[in-house]
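Welcome, and please have your viewer ready. This report is meant to be read alongside the sequence and the coordinates.

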Amino acid sequence: MSDTKTYPVTRSDAEWRALLSPEQYYIMRQHGTERPGSCALNYEKRAGTFECAGCGQPLFKSGRKFESGTGWPSFNDPEPGAVETTEDRSFGMVRTEVHCSRCGSHLGHVFPDGPPPTGLRYCINGVAMNFKPAT
């Protein structure tokens, strides 16, 4: 979440707090991280779409999800234009943060250790997403 960029979906802090659970607010608006293995979406296997819990934007198709063994839902490719990245230098590390391109909510991080064809692992907090089964 960048404080200098204006996103298509914007809300006041009070509106975010009313929309999101306390855990979602901590993760999505304060750049937190859920405990590994704590979210049911890590185990979701049905066909469908993972959407941003903050604005409903489609982020990842289920066919792009894979088991990384990390305890967080992992994907190798987002929907076109759905996410943006920024450099994250917190906790004495340099990582690439992933956030929703529509509302700026923090989703997780992307790492260069994923499977082909992209070689990327989008490690996403499950509570930052909602799952919409295919119809």
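What follows is a short tour of the sheets, the nonpolar core, the aromatic rings and two individual residues.

## The three-stranded sheet

Please keep in mind throughout that this is a predicted model. Let us begin with an open sheet of 3 strands, arranged in the order E2-E1-E9 with antiparallel pairing. Its edges are strand E2 (58-61) and strand E9 (129-133), each of which pairs on one side only. On average, neighbouring strands in this sheet are turned by 30 degrees against each other, with direction ignored.

The connection between strand E1 (residues 48-52) and E9 consists of 5 bridges, and the two strands run antiparallel. If you would like one position to look at, take Glu51: its bridge partner in E9 is Asn130.

## The six-stranded sheet

The model also has an open sheet of 6 strands, again with antiparallel pairing, in the order E3-E4-E8-E7-E6-E5. Strand E3 (65-66) and E5 each have a single partner strand, so one side of each is left without a neighbour in the sheet.

At the E5 end, 6 bridges join strand E5 (residues 83-88) to E6, and these strands run antiparallel. Two of the pairings are easy to find on screen: Thr85 has Val98 in E6 as its bridge partner, while Thr86 has Glu97 in E6. E5 and E6 make a hairpin with 6 residues between them. In its turn, Phe91 has a positive phi of about 60 degrees, a spot to visit if you are checking backbone torsions.

## The nonpolar core

A general point first: in soluble globular proteins, nonpolar side chains tend to be buried together. In this model, the largest nonpolar core has 27 residues. Leu59, Phe60, Leu107, Tyr122, Ile124 and Met129 are the residues with the most contacts inside it.

Which elements give two or more residues to this core? They are helix H2 (22-30), E1, E2, strand E6 (95-100), strand E7 (106-111), strand E8 (121-124) and E9. H2 gives the most, with 3 residues.

Phe60 deserves a look of its own. Leaving aside neighbours within four places in sequence, Phe60 is in contact with Gly48, Thr49, Phe50, Phe75, Asp77, Pro78, Glu79, Tyr122, Ile124 and Met129. Among these contacts, Tyr122, Ile124 and Met129 are also listed with the most contacts inside the core.

## Aromatic rings

A pair of aromatic rings is described by the distance of the centres and the angle of the planes. The count for this model comes to 4 aromatic pairs. One of them joins Phe50 and Phe75 in an edge-to-face arrangement, at 5.0 Å centre to centre and with 70 degrees between the planes. This pair links distant parts of the chain: Phe50 belongs to strand E1 and Phe75 to strand E4 (residues 74-75), 25 residues apart. Are these two rings buried or exposed? Phe50 and Phe75 are both buried.

Phe50 also pairs with Phe131, this time tilted, at 4.8 Å centre to centre and 55 degrees between the planes. That pair again links distant parts of the chain, from Phe50 in strand E1 to Phe131 in strand E9, 81 residues apart. Phe131 is buried, as is Phe50. One aromatic cluster takes in Phe50, Phe60, Phe75, Tyr122 and Phe131.

## Charges over Trp16

How far from the ring centre of Trp16 is Arg11? Arg11 lies over the face of Trp16 at 4.9 Å from the ring centre. Arg29 lies over the face of Trp16 too, at 4.0 Å from the ring centre.

## Two residues with more accessibility

Lys5 is found in the segment before helix H1 (13-19). Lys5 counts as partly exposed because its relative accessibility is 35%. Along the chain, Lys5 and Phe75 are 70 residues apart, and their C-alpha atoms are separated by 26 Å.

Glu87 lies in strand E5. Why does Glu87 count as exposed? Its relative accessibility is 53%, and the cut-off for exposed is over 50%. Apart from neighbours within four places in sequence, Glu87 is in contact with Val94 and Arg95. Finally, Glu87 and Cys103 are 16 residues apart in sequence and 18 Å apart in space, C-alpha to C-alpha.

Definitions and conventions:
Residues are numbered from 1 along each chain as its sequence is written. This is a predicted model: local features need pLDDT of at least 70, side-chain atom pairs count only at pLDDT 80 or more; totals for chains, interfaces and linings use all residues. Side-chain values use heavy atoms; hydrogens and water are left out. Two strands pair if DSSP finds at least two bridges between them. Helices (H or I, at least four residues) and strands (E, at least two) are DSSP runs, numbered from the N terminus. Axes are lines fitted to C-alpha atoms, for helices over the stretch in contact, and angles run from 0 to 180 degrees between N-to-C directions. A nonpolar core is a set of buried Ala, Val, Leu, Ile, Met, Phe, Trp, Tyr and Cys residues joined through side-chain atoms within 4.5 Å. Buried means under 20% relative accessible area, exposed over 50%, partly exposed in between (1.4 Å probe, protein chains only). Contact means heavy atoms within 4.5 Å. Rings of Phe, Tyr and Trp (its six-membered ring) pair if their centres lie within 6.5 Å; planes under 30 degrees apart count as stacked, over 60 as edge-to-face and the rest as tilted. A charge sits over a ring if NZ of Lys or CZ of Arg is within 6 Å of the ring centre and within 35 degrees of the ring normal.
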